[in-house]
Amino acid sequence: MSDLLRVENVDVFYGDFQAVQQASFAVPDKEIVSIIGTNGAGKTTLMRAIGGVLPAKNGRIYFEDVDITGWPTHKIVDLGISQVPEGRKLFGRMSVKDNLIMGSYTPRARKNAKGELEKVYELFPILKEKSTQSAGSLSGGQQQMVAIGRALMSEPKLICFDEISLGLAPTVIKDIYAKVRELNNGGITIIIVEQDVKRSLKACVEAFVMLKGKVVLSGKTCELTEDEVSKAYFGM
Ligand SMILES: Nc1ncnc2c1ncn2[C@@H]1O[C@H](COP(=O)(O)OP(=O)(O)OP(=O)(O)O)[C@@H](O)[C@H]1O
Ligand SMILES: [Mg+2]
């Protein structure tokens, strides 16, 4: 199977501080991969580099064999990579609908915004009911749905989910993960960033463990042992 995304030897800096070091990993088309690691391992920074929010200082990033290194975010979104960012980054005082529409700001997406909005409402009917309410007034789980819906508005081929379960109740997390699988079944390739090793190991997916800015272990989660992952995870 071909890889949809390839990250090769990427370095990312905040000023002089190197948060990602020589990171390499690939995401096969139509698969779910998981990136796990403790606080500060560099997971979010790597997602930001893929989304063009932060520059990759060295290394290359390829999407569908196109070298997108250094591309601005809007072009990357237009090509088919969407982010559900850590902390959701919604506009709390804007309506649910307007938050969703924000996701269709690229030229390709703008044309289909109406149809895409209906699809999001089909996936998350509660968002249709609450479309005129402010996003900030919604529950945590519903806000996560808005963040996912916004990412879908640009008709992505790849979605990067950063800590989607953080702060949510277990039943809500289950629902959100079911939706992620539904999207994957519909043909969308998925990157899930997680701190929760146990949850990651349950789904048999390709996983990459990050530690101190580096990808230190990779393999199918069903083939990696918890011990192996824990050692890589904590650097012991
Ligand atoms: N805006 C920033 N400026 C400077 N340093 C930063 C900034 N954001 C993150 N860092 C640092 O970069 C490193 C990687 O952070 P990052 O947020 O990518 O980790 P993470 O794996 O996503 O962690 P978490 O699980 O807590 O979300 C950390 O040492 C962090 O302190
Ligand atoms: Mg993070």
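User: Which residues come nearest to ligand 1, and what makes a residue count as near?

Analyst: Tyr 14, Ala 19, Lys 43, Thr 44 and Thr 45 come nearest, out of 13 residues around ligand 1. A residue is near a molecule or strand if its C-beta atom, placed from the backbone, lies within 6 Å of it. This is a predicted model, where local features need pLDDT of at least 70 and side-chain atom pairs count only at pLDDT 80 or more, while totals for chains, interfaces and linings use all residues. Residues are numbered from 1 along each chain as its sequence is written, and chains are lettered from A and ligands numbered from 1 in the order in which they are written.

User: Which helix gives the most to the shell around ligand 1?

Analyst: H1 does, with 3 residues. Helix H1 covers 43-50; helices are DSSP runs of H or I with at least four residues, strands are runs of E with at least two, and both are numbered from the N terminus.

User: Why does the radius of gyration of the protein chain agree with a compact globule?

Analyst: The rule is 2.2 Å times the number of residues to the power 0.38, taken over C-alpha atoms. For 236 residues a compact globule would have a value near 18 Å, and the protein chain has 17 Å, so the two agree.

User: Why do S2 and S5 count as edges of the sheet?

Analyst: The open sheet has the order S2-S1-S4-S5, with antiparallel pairing. S2 and S5 each have a single partner strand, so one side of each is left without a neighbour in the sheet.

User: How do you know that S4 and S5 pair?

Analyst: Pairing requires that DSSP finds at least two bridges between the strands. S4 and S5 are joined by 2 bridges, so they pair.
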